[in-house]
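Reader: I would like to learn how to read burial and helix packing in a model of this kind. Could we begin with burial?

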Amino acid sequence: MRNFNSYFLILTMLCSFVTWAQVPEAKENNQHNFTDLMYRQGSAYRTASGKPGPEYWQNSADYNIAVSLDDKTHNISGNIEIEYTNNSPEDLNFIWLYLEQNRFTEDSRGTLTTPMKGNRYNGDVEGGYSVSNFSAKANGATSNKYLVNDTRMQVFFDKPIKANGGKATVKMNFSYKIPVEGMDRMGRLDVEQGTIYALAQWFPKVAVFDDVLGWNTDPYLGAGEFYVDYGNYDYKITAPYNHTVIGSGVLQNPKDVLTKTQLKRWKKAQESDETVYIIKPEEVGKKSSHVKNKGTLTWHFKMNNTRDVAFASSPAFIWDAAKMNLSKDNTGLAQSVYPKESDGQEAWSRSTEYTKKSIEFYSENYFEYPYVNAINVAAEVGGMEYPGVSFCSWKSKGSSLWGVTDHEFGHNWFPMIVGSNERRFAWMDEGFNTFINHYSTLAFNDGEYPSRVGSVRILKSYLTSENREGIDNYPDVTNLRNLGYTAYYKPAAGLIMLREYILGEERFDYAFKSYIKTWAYKHPQPSDFFNHMENATGEDLAWFWKSWFYGTDNIDIAVKGVEKEENGFLIKIEKVAEIPMPVKLLVKMEDGSSKLIDLPVEIWQRGDTWEHFMATDGEIKSVEFDPQKKVSDIDGMNDRWEKK
């Protein structure tokens with residue numbers, strides 16, 4: 001030991017005589033591109049393999065609701081009882097509810113953060129909740145204390161809700177005026193034969209308490225959508241006698257609200273692959289189309305294990321339906337309701353066909369549709385999704401109607417089945433859904449309508465814009481001009497690149513379907529998706545997540561040249577922009593033959609240039625990067641080298 005210390009001292013003294021000028025600079029590399037993006041280690045709640053952990057928990061809320069719709073004052077009034085179950089490991093002295101109709105007031109945060117000239121998320125300011133007869137009970141004690149702040153209500157308990165299964169009951173009466181403009185998610189539309197009411201965010205609901213943030217209480221501003229726990233819903237809608245009411249879930253009292261003729265047609269539709277009228281266009285408004293001719297009717301619906309419910313009510317509805325084939329053993333009912341202004345084979349008369357085909361495709365290819373009904377509603381809403389119900393523009397026709405119908409029903413998989421946080425991570429529902437919409441559109445009637453999403457290079461103008469933003473931006477922060485890219489098209493393009501270029505279809509499809517099955521009716525975070533995809537594909541994809549999904553970096557791979565060497569050629573390529581990417585090169589020879597070279601992404605770990613030796617006795621005519629144009633490369637001009 002003493003001799004070793006002596007040698008070490010001598011070595012240290014010698015090194016001290018070497019000046020800094022004599023030491024070469026360390027070679028830079030691209031390892032920063034490949035290191036992990038975020039803290040992605042496992043815990044008892046969420047594993048490193050991207051699955052719920054052995055102690056994963058989530059709370060639930062069951063709802064019993066009864067409301068009346070007044071078509072003279074356009075008011076909703078009624079009562080609600082919420083049974084809340086606390087499965088978390090801590091006692092809760094309070095819970096948070098969302099009162100999202102409070103967005104429609106003059107002083108709401110959403111109103112005050114809407115630009116003066118308005119935008120898609122305009123909302124009326126004559127609404128907002130009135131609450132009465134409030135009580136909150138837990139552990140045998142009843143409290144009447146609550147606090148309302150903007151679109152949130154804090155409910156206090158005299159005794160805490162016990163951890164690991166404790167229950168509480170919250171009751172109240174509520175009322176509000178239904179807005180005309182409901183932020184393109186709900187509202188009212190006047191047509192010749194009456195008003196169409198599209199009702200969403202229509203009752204107080206419990207916010208999510210989770211292992212990541214605790215209470216998720218981000219206010220309802222506009223672009224940010226929703227994050228809701230799962231539960232069972234029992235709700236009754238009392239409407240004028242001449243209204244047709246449809247809603248999420250299963251109608252419990254069809255014999256009380258449908259005529260004998262309508263019941264017969266309804267049952268026929270359940271066995272028919274072709275669309276069957278329940279209410280024909282010429283029957284709308286006729287006395288024979290109603291079970292009574294004055295007063296009101298109460299429509300009763302139930303839906304289990306869902307994160308929300310929505311409904312629509314109108315005297316103007318044409319109503320048709322057809323059977324959905326969900327699996328070998330299960331069927332459902334695709335339905336559409338629309339006014340005569342939307343009727344026609346180029347328009348809403350095909351809505352049920354679109355709904356049926358969309359649901360059947362996703363059931364077959366991703367995860368079986370879990371609900372009995374899928375209902376498309378023509379409304380003054382561009383397109384908005386709820387479990388089993390979609391609101392789409394009453395003006396849509398042809399490919400536009402197919403596109404919005406397919407998109408909104410695709411949302412039943414993201415975020416209705418896979419319950420991500422839409423308010424923060426819009427890309428986890430909008431982007432994933434846009435991705436599966438691409439393949440659904442390709443399959444519909446053997447490509448009756450085109451899909452542009454697969455042409456990933458059409459993103460170039462956005463990707464090179466100085467005003468571009470990252471996918472990771474919260475939707476309420478993102479410039480609305482960019483939201484279509486950050487939430488929809490760029491994440492969808494990323495998944496298409498993963499499937500069709502980076503991983504291949506077999507590896508990607510297994511992992512993606514496994515993710516859906518694993519997180520069905522649960523709450524995944526972005527890291528859960530990243531971890532699950534990596535573990536299921538056996539691929540470290542940190543370089544892709546951190547560069548494509550976070551930040552504004554770009555892809556630009558260039559073929560720089562070809563040099564003749566003994567027994568072959570040296571092909572030189574360069575990573576011009578920031579994002580590394582596996583490199584597929586199509587080499588064409590002078591004799592007409594060709595070869596595909598597939599280089600792994602790891603070639604870029606050491607630097608931005610790479611040389612690949614191709615052994616051949618022939619002469620190379622051209623070399624092209626990404627010959628099928630599957631990569632969102634921002635400069636196609638440097639993709640190809642050709643012999644002069």
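Author: In helix α7 (helices being DSSP runs of H or I, at least four residues, numbered from the N terminus), Gly 398, Leu 401, Trp 402, Val 404, Thr 405, Asp 406, His 407, Glu 408, Phe 409 and Gly 410 are buried, where buried means under 20% relative accessible area with a 1.4 Å probe, protein chains only. Ten of the 13 residues are thus covered. This is a predicted model, in which local features need pLDDT of at least 70, side-chain atom pairs count only at pLDDT 80 or more, and totals for chains, interfaces and linings use all residues. Residues are numbered from 1 along each chain as its sequence is written, and side-chain values use heavy atoms, with hydrogens and water left out.

Reader: What is the angle at which α6 and α9 pack?

Author: Axes are lines fitted to C-alpha atoms, for helices over the stretch in contact, and angles run from 0 to 180 degrees between N-to-C directions. Helix α6 (residues 351-365) packs on α9 at about 115 degrees, with the axes 10 Å apart. Ser 358, Phe 361 and Tyr 362 of α6 make the contact (heavy atoms within 4.5 Å) with Ile 436, Asn 437, Tyr 439, Ser 440 and Ala 443 of α9.

Reader: Which residues of α9 and α12 meet?

Author: Phe 432, Phe 435 and Ile 436 in α9 meet Phe 508, Phe 512 and Tyr 515 in α12. The axes of α9 (residues 430-443) and α12 (residues 505-519) come within 14 Å and cross at roughly 130 degrees.

Key:
Helix = DSSP H or I, 4+ residues; strand = E, 2+ residues; numbered from the N terminus. Buried < 20%, exposed > 50% of the residue type's maximum accessible area, 1.4 Å probe, protein only.
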